[in-house]
Structure formats: structure tokens, C-alpha cells
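Colleague: Could you take me through this structure step by step? I should like to begin with the overall picture and then look at particular residues.

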Amino acid sequence: MATQRSKPNSASLIFVAILYLCFLTSKAKLQSLQHASKADGSLSFLVIGDWGRRGAYNQSLVAFQMGKIGEKLDIDFVVSTGDNFYDNGLIGVDDPAFEESFTNIYTAASLHKIWYNVLGNHDYRGNVKAQLSPILRYRDNRWVCFRSYIVNSENVDFFFIDTSPFVNKYFNDTKGHSYDWRGVLPRKRYLSKLVKDVDFALRQSTATWKLVIGHHTIKSSGHHGDTQELIAHLLPLLQANNVDLYISGHEHGLQHISSLDSSVEFLTSGGGSKAWRGDLKWMKAEELKFYYDGQGFMSVYISQTQLQISFYDVFGNVLHKWNTCKLHYCEL
């Protein structure tokens with residue numbers, strides 16, 4: 001049963017004003033936000049991707065389980081890895097798909113936290129500026145979406161990266177689709193600046209943990225496979241700056257891939273609605289730690305010393321767990 005959408009109030013308007021004040025006063029090349037951690041310095045959050053289908057393809061069931069797990073873990077926020085509205089993004093800031101696929105689906109009290117979003121390739125097929133507009137935060141005060149930005153917390157920095165402009169086929173072989181590249185063209189200049197800004201931000205970060213979020217996978221055993229453009233332009237930055245996690249969507253399922261030559265773990269949470277069954281590519285066993293070709297989502301817990309992830313299916317069952325610690329804190 002659909003609930004009423006989140007009503008704009010003075011607190012939400014103040015939050016929007018603070019967002020823009022942060023951006024106007026920030027000296028960082030990428031826009032930067034602050035998100036307070038819990039009293040003990042920890043954070044808990046959920047990750048969902050490839051979801052916006054007006055509740056279809058089990059989107060509503062995944063949302064229900066997210067609400068239950070979110071309450072259990074006392075989450076601080078939600079991360080969306082993109083493809084927020086199918087099939088072709090939003091047509092404008094007043095598109096009813098925003099309520100039909102977001103506000104009226106993720107109704108649990110535990111999910112009424114800030115949602116940090118990135119854009120996916122399907123989002124670029126619509127009016128991309130609609131998803132970036134502050135008007136959406138007026139319609140539902142949970143919504144935060146920019147092309148590329150940073151969220152700083154006590155022990156962790158999150159780097160949200162706009163990955164679609166890296167992918168050549170969206171420019172060279174569109175297969176009849178139309179993409180809204182306003183703000184991206186000329187592409188070469190946009191990507192050159194983005195790479196420099198990401199590298200600068202990563203080098204400047206002194207956080208215990210560094211997490212990078214983008215829509216497209218860098219490494220994947222799923223339908224799309226590796227994204228060669230990100231391997232060429234983004235992966236070297238992650239490796240050089242000791243990034244801990246690269247979190248993506250795009251593949252309609254869940255996966256965990258370990259790097260054999262760096263500290264980076266590759267996590268995919270793209271099971272928010274329509275999934276692709278039986279579409280698995282071969283990968284070395286020491287790399288592919290987990291793969292699930294169904295719907296679900298992921299949780300992350302981070303403290304100063306520990307990082308823990310869990311993957312869940314549409315019924316709330318835990319499918320895979322993994323944890324790590326920083327070397328000087330690890331128990332022998």
C-alpha cells in the first residue's frame with residue numbers, strides 16, 4: 001500500500017540550503033558533503049542499484065526487506081548505485097515516476113534517511129538534469145544526487161563518480177537510444193577534469209577508509225563484464241591511492257570480486273529489481289568470492305578498525321559475508 005510522499009518542511013529546506021552553502025564555500029574540486037557518524041564513530045548503510053520500476057520485478061519485495069534490515073542495523077543512510085528510473089530516466093522534475101518508483105516504494109521508517117545517488121546509463125536516457133535538480137529534494141527530502149561528489153565522515157570518505165561518460169558505446173553505438181549529455185560535452189574536457197579531480201580528492205584524503213561508488217562495474221563476471229574504459233582511466237587511481245572498496249551496480253545481481261594486485265575489493269549491488277538469471281562469465285576462483293544472479297541488496301558497517309559487508313536476497317537471507325580490518329588494528 002502506497003504511503004504519502006515525504007512532505008517538504010522547514011528542516012528539508014534548511015538541508016537544501018546547507019547543501020548549496022557547502023558547495024559554494026568548499027575549496028575542493030569535487031563538491032563535498034559531511035555526514036555525521038554515530039557516537040562511537042561507526043556508520044551503517046545499505047546499497048541498492050538498478051531499481052526504479054514502479055515496484056515491478058520484485059522491487060517492492062526488495063524494498064520491504066531493506067526496511068527490515070535497515071531497522072535491525074540502525075542504518076545512517078542509503079547508497080544508490082544508479083539506474084534509478086527505468087527505462088529512460090525521468091522526463092522532468094514533475095515526472096510521477098519519482099513517486100511511483102522511489103517515494104511510494106521505499107516507505108519503511110528505517111529508509112527515511114538520506115539517499116546518496118549516482119547516475120546510471122538509463123538515467124542519462126532521460127532528462128538528466130531533472131535528477132540533479134534541488135526540486136526533487138523538495139518533493140522528497142531524502143534525495144541527494146550530483147554527477148560526482150564526496151561525502152566525508154569521521155573515519156571514511158565516499159567518492160561518488162559519474163561513470164557513464166567514460167563508456168564509449170553510449171557515444172559511438174547508441175542502438176537507437178538518445179542520451180542527455182548536457183553538462184558533459186565536450187566529452188574529452190569533461191573526463192579529463194573529472195579524472196584530475198578524483199585523483200586530487202583521493203590524494204588529499206586522510207580517512208581511514210576510502211570507498212568509491214560508481215554505476216558501472218570495473219571488474220565483473222556478469223552480463224556486461226569488465227568496463228575497459230574504467231580499467232584504463234579509473235582503476236589506476238584507486239590502486240595508487242589505496243582505495244578499499246569500489247561499489248557499483250549495472251550488473252543486475254550481486255557480486256564480490258577481490259583484486260589480486262591491490263587492496264581494492266569490487267562489490268556489485270545491482271539487484272534492486274529486474275535480474276538476469278544464468279549470465280555468468282568465468283573468473284579465477286581466487287578473484288570471484290561471490291556471485292548471485294537474483295534480486296537483493298548489500299549492507300556495509302564501518303568503524304575506525306573494522307569494515308563488514310553482507311549481501312541479502314529478496315527474502316532477507318544473508319547470502320555472503322566478508323570483513324576486514326586495518327593492519328595495525330587486526331587481531332592476531
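Modeller: We shall go from the whole chain to its cores, one helix, the cavities and some backbone details.

Modeller: Please keep in mind that this is a predicted model.

Colleague: How many helices and strands are there in the protein chain?

Modeller: The protein chain contains nine helices and 15 strands. It has 332 residues, and 58% of them count as buried.

Colleague: Among contacts between residues at least 6 apart in sequence, what share joins residues at least 24 apart?

Modeller: That share is 73% in the protein chain.

Colleague: Now the interior. Which residues touch the most other members of the largest nonpolar core?

Modeller: They are Met-66, Tyr-106, Leu-238 and Tyr-246, in a core of 58 residues. Several elements give two or more residues to this core, including strand 2 (43-48), helix 2 (59-73), helix 3 (97-103) and helix 9 (235-240). Helix 7 gives the most, with six residues. Another core, of 31 residues, lies apart from it, and Val-144, Phe-160, Phe-290 and Ile-309 are among its members.

Colleague: What is Tyr-106 in contact with, leaving aside its neighbours within four places in sequence?

Modeller: Its contacts include Trp-51, Gln-59, Ala-63, Met-66, Trp-115 and Arg-142. Of these, Gln-59, Ala-63 and Met-66 are buried residues of helix 2.

Colleague: Then let us stay with helix 2. How far does it reach from its first C-alpha to its last?

Modeller: Helix 2 has 15 residues and reaches 21 Å, close to the 21 Å expected at 1.5 Å a residue. Just after this helix, Asp-74 takes a positive phi of about 50 degrees.

Colleague: Which of its residues are buried, and what do they pack against?

Modeller: Gln-59, Val-62, Ala-63, Gln-65, Met-66, Gly-67, Ile-69 and Gly-70 are buried in helix 2. As general background, an α-helix has 3.6 residues a turn, so residues three or four places apart point the same way. The buried residues of helix 2 pack against elements that include strand 2, helix 3, strand 13 (296-302) and strand 14 (306-313).

Colleague: A change of topic: how many cavities of 30 Å³ or more are there?

Modeller: There are two. The largest holds about 40 Å³ of space, and the second largest holds about 30 Å³.

Colleague: Which residues line the largest cavity?

Modeller: Its lining consists of His-223, Glu-251, His-252, Gly-253, Trp-276, Asp-279, Tyr-291 and Asp-293. By class, two are nonpolar, three polar and three charged. For the second largest cavity, the lining has three nonpolar, five polar and one charged residues, with Ser-37, Leu-43 and Ile-302 among them.

Colleague: Where is Trp-276, and why does it count as partly exposed?

Modeller: Trp-276 lies in the loop between strand 11 (265-269) and strand 12 (288-292). It counts as partly exposed because its relative accessible area is 24%, and that class runs from 20% to 50%. Residues that Trp-276 touches include His-223, His-250 and Asp-293. The C-alpha atoms of Trp-276 and Asp-293 are separated by 5.9 Å, although these residues are 17 apart along the chain.

Colleague: You mentioned His-250. Is it buried or exposed?

Modeller: His-250 counts as buried, at 5% relative accessibility. It lies in the loop between strand 9 and strand 10 (254-258), and its phi is positive, near 75 degrees. Asn-242 also has a positive phi, near 55 degrees, but Asn-242 counts as exposed, at 52% relative accessibility.

Colleague: Lastly, where is the peptide bond with omega near -5 degrees?

Modeller: That cis bond runs from Leu-185 to Pro-186. A cis peptide bond also joins Tyr-86 and Asp-87, with omega about -10 degrees.

Methods:
Residues numbered from 1 in each chain as written. Predicted model: local features only at pLDDT ≥ 70, side-chain atom pairs only at ≥ 80, totals over all residues. Heavy atoms only, no water. 1 Å grid on protein atoms, 1.4 Å probe; cavity = no way out; pocket = protein on both sides within 12 Å on 5 of 7 lines; lining within 4 Å. Points joined across faces, edges and corners; volume = space filled by probe spheres on them. Nonpolar A, V, L, I, M, F, W, Y, C, P; charged D, E, K, R; others polar. Core = buried A, V, L, I, M, F, W, Y, C linked by side-chain atoms within 4.5 Å. Buried < 20%, exposed > 50% of the residue type's maximum accessible area, 1.4 Å probe, protein only. Helix = DSSP H or I, 4+ residues; strand = E, 2+ residues; numbered from the N terminus. Contact = heavy atoms within 4.5 Å. Expected span 1.5 Å × (residues − 1).
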